[in-house]
Structures are given as C-alpha cells and as structure tokens.
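Q: Please take a close look at the enclosed cavities of this model. What lines them?

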Amino acid sequence: MRCRERVGPVIRVEDVHLRFKAPVLKGVSLHIPEGCIYVLIGPGAAGKSVLLKCIAGLLRPQRGRIWVAGEEITALDDLQMMQLRKKIGMLFQNYALFDLSVGENIAFPLRRLFDLPQNEIEERVAERLERVALPGIQNRIPASLSGGQKKRVGVARATIAKAPVVLYDEPTAGLDPVTSQKIYNLIRDEQRAQKSTVVVISSDVAGALTIADRVGMLHRGELIFDGTVDEARTSKHPAVDQFVHGKTEGPL
Amino acid sequence: MTTATETNAMPTKTDAEAEVRKPGAFQFYAEELSDLLRVTIRTFYYIVRGKREKGDVIRQCFEIGNKSMFFMAVTMAFIGAIVLFQMCMQAKRIIPDLTMIGGMYAKLLIRELAPSVGAMPFATRVGAGIAAEIGSMVVTEQTDALRMSGADPVDYLVVPRFVASVIMGTIVLVLGAGIAYGAGFVVGVTTFDINPNTFINFTSVKGGDVALGLIKCVCYGGIIALVSSQRGLRTFGGSEGVGIATTQAVVGSLFAVIVANFILSSVGHFVFPP
C-alpha cells in the first residue's frame with residue numbers, strides 16, 4: 001500500500017450524476033488518496049469511461065462536484081480547465097494518437113501547455129521513449145505501429161508532462177496477455193517514478209489487480225464497491241464476487 | 001478509507017433503461033444555432049489569442065484550395081456555359097440583338113452567380129472534407145486528447161480551416177468566375193455568333209458589383225468552414241455518426257449560404273445599387 005491516505009484525497013467525486021439518453025452515472029461518490037493506483041473495474045456500459053472523462057474535465061456532470069489536485073473542476077470554465085490540464089495526463093482507450101509523427105505526438109502536451117525550448121522537449125521525448133522501451137522511433141508515424149506500441153506511445157504522451165494525476169482508460173484493451181502485463185508493469189513503474197496518483201479503468205480484472213492499491217467497481221452507473229484488492233477478492237457482494245472471479249453464474 | 005464500502009443492493013435496471021424524451025425540432029435547432037454561435041465566437045477569439053502551429057494554415061490552404069481547383073474549374077465552366085446559353089436563348093426571343101449580353105453576363109456573374117452558385121460545389125467539396133476529418137477525430141477521441149494536451153479543438157482544428165477557407169474560398173470563387181466567363185465567351189462566340197470584342201464588355205460592371213461579389217466570397221468561405229467544423233465537432237457515435245455529420249455539414253453549409261446570400265443581396269441592393 002503506497003497510498004498516502006492521511007494527506008487527503010487528490011481526487012474527490014461527490015454525488016455525481018450524468019445522463020445522456022439514459023442515466024449513466026447515478027450518484028457516484030469516490031475518494032482517491034494521493035500516490036494511489038486506483039483501479040476501476042466493471043462490466044461494459046457501467047459508466048467507467050464516462051466517470052474518467054468527468055474526472056478529466058472532458059464531460060461535465062449534470063449534478064455533483066469533482067475535485068482534482070485541489071481544484072473543483074466542476075466550477076471551472078473551459079479556459080481555467082485548460083490550465084488545470086497541466087496536472088492531468090490521460091491515456092485513451094483508442095490510443096487517440098494524432099496524424100503526426102510519434103515524436104510530435106509525445107511532445108504535443110509539452111508544446112501546448114509549457115513554454116520549453118525545443119532541445120529540452122526533444123530530450124524529454126527521447127527519455128520517454130527510452131522509458132517505454134521504444135527508443136529512437138520519433139520519426140515513425142502511429143499507423144506503422146502495433147497496438148502494443150501505440151499504447152506505449154500513449155503512455156509516453158500521458159506521462160511526459162509529469163502530471164500529478166494520470167488517468168488510463170482501458171490501457172490493455174485488445175492486447176495479448178504478455179503485452180498487457182508489460183503495460184501494467186509500465187504503469188506501475190511510471191507511477192512509482194513520478195509519485196503520481198493513477199486511475200486505471202479496466203475490464204481485465206486479473207491483470208489490473210496486480211498493480212492496484214485500491215479497487216472500485218461500477219455497475220449500472222453506481223459505485224457498488226470501494227476497497228482494497230484483498231477486500232475485492234473476498235467480497236460477498238454477488239456482482240463483485242462474480243466479476244472479480246470471472247464467474248458465469250450471478251447477477252451480471 | 002481503509003475499509004471496503006459496498007452498497008446494499010444491486011442497481012435497478014429501470015432507471016438505466018428509462019429513455020428520455022427526444023428534444024423537439026425547435027429545441028434541436030435552437031441548440032445547434034447556439035453551438036454554432038459559440039464556435040464562431042471562439043474561432044474569432046482564437047484568431048487573435050490562439051497558438052498557431054507552424055504551417056497549419058498553409059497546409060489547410062492546400063487541402064481546401066488547391067485540391068478543390070480542378071473540381072471547381074470544371075463545375076464553373078459547365079455552369080457558365082449553360083447560363084450564357086440560356087441567357088442568349090431567352091434574350092433572342094425579346095431582342096435579337098445580343099451585343100449587350102457579354103456585359104450583362106459579366107455583371108450577373110460578378111455580383112451573384114460566381115459567389116453564390118460557385119459556393120454550392122465549394123461547400124460540398126470542402127464542407128464534407130472538414131466535417132469528415134474533424135468528425136473522425138471526435139469518434140477516435142483525438143479531440144479529447146487535444147483538450148487534455150491543452151489545445152482547444154476550436155483553436156487547433158477550426159481556426160486554420162476557417163482562415164484557409166476564407167482565403168482560398170475567395171481565390172477559388174474569383175477564379176471560378178473567370179472560368180465561367182471564359183466558358184460563356186466560348187458558347188456566345190461559337191453558338192450565337194457574338195463578336196468577341198462586343199462580348200468582352202465590362203462597362204456595366206461597377207466597383208460596387210465587384211465589392212459585393214468579393215464580400216460574398218469571403219463570407220461564404222467562412223460560413224462553410226464554420227458550419228462544417230461545428231457539425232464535425234458535434235459528431236456522435238462511430239462511423240455512422242461521421243456519415244451523418246458529413247451529410248449535415250453539406251446540407252447546413254448550403255442552407256447557410258443560401259440564407260446569407262439572401263441577406264447580403266438584400267443589403268447589397270441598397271449599399272451597392274446595381
């Protein structure tokens with residue numbers, strides 16, 4: 001357990017409601033301590049990605065409040081939110097790499113959010129690529145990379161600003177088990193190196209729990225479990241028990 | 001927060017499955033117009049205060065202008081030839097003398113036909129491209145990634161397209177006017193035996209006609225980029241959503257151009273009398 005719970009939550013979600021055509025989040029409240037890897041699990045369409053986008057400030061809940069790194073993001077306007085993005089990195093489920101070279105993709109947040117000289121940006125891009133075990137591919141284009149490589153480039157882009165909060169949306173979706181575990185290890189190593197607070201959304205429970213400090217489970221827009229990994233594994237809640245152990249019989 | 005917290009019961013299905021009533025047509029169009037206004041205001045804000053990427057406007061100028069040139073040239077040539085042919089046919093019924101037709105055609109072309117009719121093929125070519133490109137970025141979460149990287153999609157995506165569309169739209173439509181005039185000239189001289197020296201007659205074209213034509217070109221270029229970008233940014237869903245956004249971008253751009261033409265022509269009638 002590396003969470004610094006006495007410091008207080010770095011991410012606080014209070015009674016968040018959001019609906020599109022139907023309700024997606026129904027009164028979700030969540031506290032994530034500083035320096036914690038929080039894994040949010042749940043079946044498809046449970047509202048995991050929507051909650052993550054609310055925490056990132058990409059979606060605005062219709063009710064409820066969210067604090068990230070000491071700022072109430074639900075009270076910020078778009079321009080203020082843009083400044084707060086220095087404190088949040090994010091990996092997207094579908095990579096979301098731009099039609100730029102790998103180096104330009106990774107450097108993009110640095111160029112937009114910080115006023116750094118070009119040589120420093122290039123050094124940091126090279127360092128990030130070394131870190132994700134893809135050295136020297138700055139000039140390649142994302143279309144020429146494999147799924148695993150794209151995820152690594154996404155991790156490099158999400159962590160280049162050394163943000164105190166990093167969000168990962170399904171970081172291993174579509175990857176083989178070996179590559180998946182490598183991505184999880186990379187997330188854990190990055191979190192330890194940067195002492196950041198990390199939220200990982202995953203449907204791959206077995207892999208995700210290997211790096212988790214705390215676990216939450218969303219089901220039909222409600223947080224039905226919030227606890228440690230051991231508590232998740234021994235939970236008597238029928239949905240949690242079924243999902244964590246991959247049982248076919250149960251309420252899900 | 002060291003102990004697990006669990007809710008007592010499973011979430012009910014009824015809420016999740018409850019469909020919300022769809023917004024009415026008035027509410028839908030009101031929301032769309034307000035969003036278009038928001039995109040327009042932000043575009044002008046970022047033209048002044050935005051962070052430009054090196055070469056982004058030039059790249060868009062090439063995409064919007066150069067790549068539209070052949071399509072626009074061919075389209076305007078056919079339009080010019082057909083309109084001149086019809087003008088001559090109708091004129092001959094009233095007055096067999098066609099010596100004035102070249103001058104009248106030039107005035108019609110500069111004041112109305114080239115900007116307004118030329119904006120139609122331009123909107124289909126450019127509007128569809130802009131909406132499809134931005135829409136596919138939305139559905140692959142690239143616009144979210146832009147926001148997370150500190151780049152407002154309006155600043156990064158819309159502004160270069162808007163500036164390029166205004167510049168290249170004007171250039172393409174002016175060139176289109178020239179091509180349409182040339183095509184009309186060929187039809188007039190070869191089919192109706194109009195004297196070439198008589199046809200090339202710009203005495204009836206005033207400075208106000210040219211000014212109104214140029215104002216229309218600038219406005220239509222901007223309108224097409226804004227409407228198409230707004231549709232692209234509102235894309236929802238997957239590839240089907242991109243298709244819907246593209247269709248709506250073309251329809252919306254054409255509709256906006258027609259409405260703008262009515263307004264500009266009405267105002268122009270008093271400001272730049274024909």
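A: The cavities come before the nonpolar core. This is a predicted model, in which local features need pLDDT of at least 70, side-chain atom pairs count only at pLDDT 80 or more, and totals for chains, interfaces and linings use all residues. Residues are numbered from 1 along each chain as its sequence is written, chains are lettered from A in the order in which they are written, and side-chain values use heavy atoms, without hydrogens and water.

The whole structure holds 3 cavities of 30 Å³ or more. A cavity is a set of points on a 1 Å grid over the protein atoms alone where a 1.4 Å probe fits but cannot get out; lining residues have an atom within 4 Å of a point. Volume is the space filled by probe spheres set on the points, which are joined across faces, edges and corners.

The largest cavity has about 110 Å³. Its lining has 13 residues, and A:Met90, A:Pro109, A:Arg157, B:Met148 and B:Ser149 are the closest to its centre. S6(A) gives the largest share, 3 residues; strands are DSSP runs of E, at least two residues, numbered from the N terminus. By class the lining has 9 nonpolar, 2 polar and 2 charged residues.

The second largest cavity has about 60 Å³. Among its lining residues are A:Cys54, A:Arg60, A:Ile66 and A:Met81. This lining counts 6 nonpolar, 2 polar and 1 charged.

A:Ile66 is also in contact (heavy atoms within 4.5 Å) with A:Val13. A:Val13 is among the residues that touch the most other members of the largest nonpolar core, which has 99 residues. Such a core joins buried Ala, Val, Leu, Ile, Met, Phe, Trp, Tyr and Cys through side-chain atoms within 4.5 Å; buried means under 20% relative accessible area with a 1.4 Å probe, protein chains only.

How values were computed. 1 Å grid on protein atoms, 1.4 Å probe; cavity = no way out; pocket = protein on both sides within 12 Å on 5 of 7 lines; lining within 4 Å. Helix = DSSP H or I, 4+ residues; strand = E, 2+ residues; numbered from the N terminus. Nonpolar A, V, L, I, M, F, W, Y, C, P; charged D, E, K, R; others polar. Buried < 20%, exposed > 50% of the residue type's maximum accessible area, 1.4 Å probe, protein only. Lists of a residue's contacts leave out its neighbours within four places in sequence.
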